[in-house]
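Work through the exercises below with the structure open beside you, and try each task before reading its solution.

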Amino acid sequence: MADQESDMEYSSDNDYEFEDYYNSGEDCDIEQIDPKRTDPEYFVYECLNVEEVEKLLNESVEKLSTQLQITPSLAKVLLHETRWNTAEVIERYRNNASNLLVSARIKAAAPPSVPAATSPAPQQSSPVPSTSSAAAVATAAVSSSSSSSSSSTATCSFLASVPSCSVNSAIPGTSSSSSSSSSSSSKAHPISSTTATTACCYRTQLCPVCVTVQSTDKFHALACQHSFCRDCWAMHFEIQIGQGISTQIECMEQRCDVRVPEDLVLTLLNRPMLRDKYQQFTFADYVKSHPELRFCPGPNCQTIIRSQDISPKKAVCRMCKTAFCFRCGTDYHAPTDCQIIRKWLTKCADDSETANYISAHTKDCPKCHICIEKNGGCNHMQCFNCKHDFCWMCLGDWKAHGSEYYECSRYKENPNIAHESVHAQAREALKKYLHYYERWENHSKSLQLEQQTLDRMRARINEKVMKGLGTWIDWQHLFDAATLLAKCRYTLQYTYPYAYYMESRKELFEYQQAQLEAEIENLSWKVERAETTDRGELENQMDIAEKRRTTLLKDFFPTEA
């Protein structure tokens with residue numbers, strides 16, 4: 001027993017020695033390669049759930065609230081307005097807090113001053129508050145002062161209710177004669193809080209929406225001092241939430257755009273389902289306004305992608321495996337940039353009826369003229385009748401395509417089109433569009449057909465494995481080839497919108513596009529006959545196709561902001 005223990009201890013020590021030897025890092029001549037330089041699609045991101053994003057947003061709110069000594073509710077609105085740019089909020093707040101509050105629609109803009117016609121005696125003007133005092137006054141103006149709900153006062157930090165008693169207005173430069181007289185009388189004869197509360201209950205006010213007279217403690221107003229009763233506010237909130245509006249709910253006054261604070265909405269909403277819906281909408285607005293966050297576009301997926309690199313690169317959700325462009329949120333479209341792909345998809349939707357004739361699945365053999373149906377993704381067709389090899393796209397002899405330049409992908413413009421008539425120019429423009437659209441649509445259908453080929457391959461390999469003719473590992477290279485083929489063809493599909501709109505470096509791009517297309521068709525031909533193709537030859541073709549794709553993306557990957 002002692003010998004066994006000593007052997008175990010010796011073995012353990014030996015393992016540590018080997019571990020130190022391999023992990024020492026000394027005398028290591030291997031150069032660390034930066035993946036950003038070798039892979040144009042390299043992208044660093046993380047997948048977060050709703051709780052993690054809420055924590056992230058709350059940390060930004062707390063940080064700003066602490067630095068500026070403002071309430072978290074006010075900090076949240078300011079961050080949302082500036083796309084969560086903390087440095088911008090701090091700079092603008094310290095330079096001119098009043099302008100920031102007005103631009104964020106937390107505070108109403110001051111009305112333009114009208115000069116008096118005659119001024120027999122100079123009047124004493126009220127002093128203009130400083131930046132810090134203006135911010136404090138504005139914050140106080142939107143703080144709750146309702147005596148009917150103590151919970152509203154605790155939770156709503158920039159909400160104003162109509163004063164139940166006559167008090168001075170919190171907005172600088174606005175006051176009423178009754179308030180001033182009440183203020184002076186209160187100084188001479190102090191009134192107890194119980195007496196004031198009792199007197200407030202008997203004060204009434206007319207709601208301009210429902211035109212009913214109610215007690216003033218049932219009214220609420222924002223910093224703009226437009227007051228409405230609780231029922232009208234609640235009905236206004238329900239209608240706005242039903243339309244999908246949350247953080248952009250405004251005052252009910254027609255020409256007032258002051259934002260309704262979140263605390264007031266939550267205070268006056270009675271139905272829990274409506275409150276939950278409102279909070280979901282506000283959370284979605286906060287995420288959409290954050291430049292580093294994107295919702296996964298997958299169906300019923302709650303994952304949120306975060307990245308500091310806001311570029312048109314591919315992000316893949318770890319939950320639903322949906323791939324999309326991080327910048328615009330649509331399908332990944334490299335090398336085409338976001339603006340061009342939007343223009344292309346809009347044009348395709350508008351001109352789809354014109355281009356419907358090109359979506360037919362059958363063509364005649366250019367040699368024996370027998371009808372042929374395309375049943376695979378490869379554009380290298382072989383007539384089953386006369387064995388003639390031709391291109392599905394241009395119906396030209398396949399041998400004429402060659403390996404140096406794949407002429408089929410290049411559009412040859414008419415050099416004299418500028419001197420032609422308007423109708424001729426229109427026909428030429430349509431011809432150019434159909435050239436690129438046909439190839440765009442063809443590669444899209446090829447991807448679907450190659451997926452069917454992969455399914456058939458998987459079924460045949462499963463049958464071979466069941467018969468003992470190798471294992472899944474022995475046939476893994478076939479699935480790798482099919483995956484790479486789909487990856488390359490997907491990139492090739494999005495080169496055609498790029499080529500349609502591009503103006504400079506077009507010759508170089510068309511050359512690399514043609515080289516990539518030629519290698520993809522060779523790979524597709526081998527994948528469809530993968531079981532009879534030499535493994536080394538197949539892997540060599542995979543390497544060539546991937547290098548062509550990477551080279552094209554390195555030279556033409558969208559980098560503009």
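**Exercise 1.** In this predicted model, decide whether R535 is buried, partly exposed or exposed, and then describe its pairing with E539.

*Solution.* Begin with the accessibility of R535, which has a relative value of 42%. Partly exposed residues fall between the limit for buried, under 20%, and the limit for exposed, over 50%, so R535 counts as partly exposed. Next, take E539, whose relative accessible area of 36% makes it partly exposed as well. The side chains of E539 and R535 meet in a salt bridge, with 3.1 Å from N to O. Finally, place the two in the chain: E539 and R535 both lie in helix α20 (residues 535-556), four residues apart, which is about one turn of the helix.

**Exercise 2.** Find the salt bridge between E450 and R489, and explain which parts of the chain it ties together.

*Solution.* First, look at the distance: the closest N and O atoms of E450 and R489 are 2.8 Å apart, and the cut-off for a salt bridge is 4 Å. Second, locate the partners: E450 belongs to helix α16 (residues 422-466) and R489 to helix α17 (residues 476-493), so the pair ties together parts that are 39 residues apart in sequence. Third, check the surroundings, where E450 and R489 both turn out to be buried.

**Exercise 3.** Stay in helix α17 and examine Q493: is Q493 buried or exposed, and which residues is it in contact with once its neighbours within four places in sequence are left aside?

*Solution.* The relative accessibility of Q493 is 5%, and Q493 therefore counts as buried. With those sequence neighbours set aside, the contacts of Q493 are W440, H443, S444 and L447.

**Exercise 4.** Describe how helix α3 (residues 50-68) and helix α4 (residues 72-81) pack against each other.

*Solution.* Two packed helices are described by the angle between their axes and the distance between the axes. Here the axes of α3 and α4 come within 8 Å and cross at roughly 110°. Angles from 65 to 115 degrees count as roughly perpendicular, so this description applies to α3 and α4. The crossing of α3 past α4 is right-handed. On the side of α3 the contact is made by S60, V61, E62, L64 and S65, and on the side of α4 by P72, A75, K76 and L79. Sorted by character, the residues of this contact comprise five nonpolar, two polar and two charged.

Notes:
Residues numbered from 1 in each chain as written. Predicted model: local features only at pLDDT ≥ 70, side-chain atom pairs only at ≥ 80, totals over all residues. Heavy atoms only, no water. Buried < 20%, exposed > 50% of the residue type's maximum accessible area, 1.4 Å probe, protein only. Contact = heavy atoms within 4.5 Å. Axes fitted to C-alpha atoms, helices over the stretch in contact; angles between N-to-C directions. Parallel < 35°, antiparallel > 145°, perpendicular 65-115°, else oblique. Left-handed = near helix turned anticlockwise from the far one by under 90°. Nonpolar A, V, L, I, M, F, W, Y, C, P; charged D, E, K, R; others polar.
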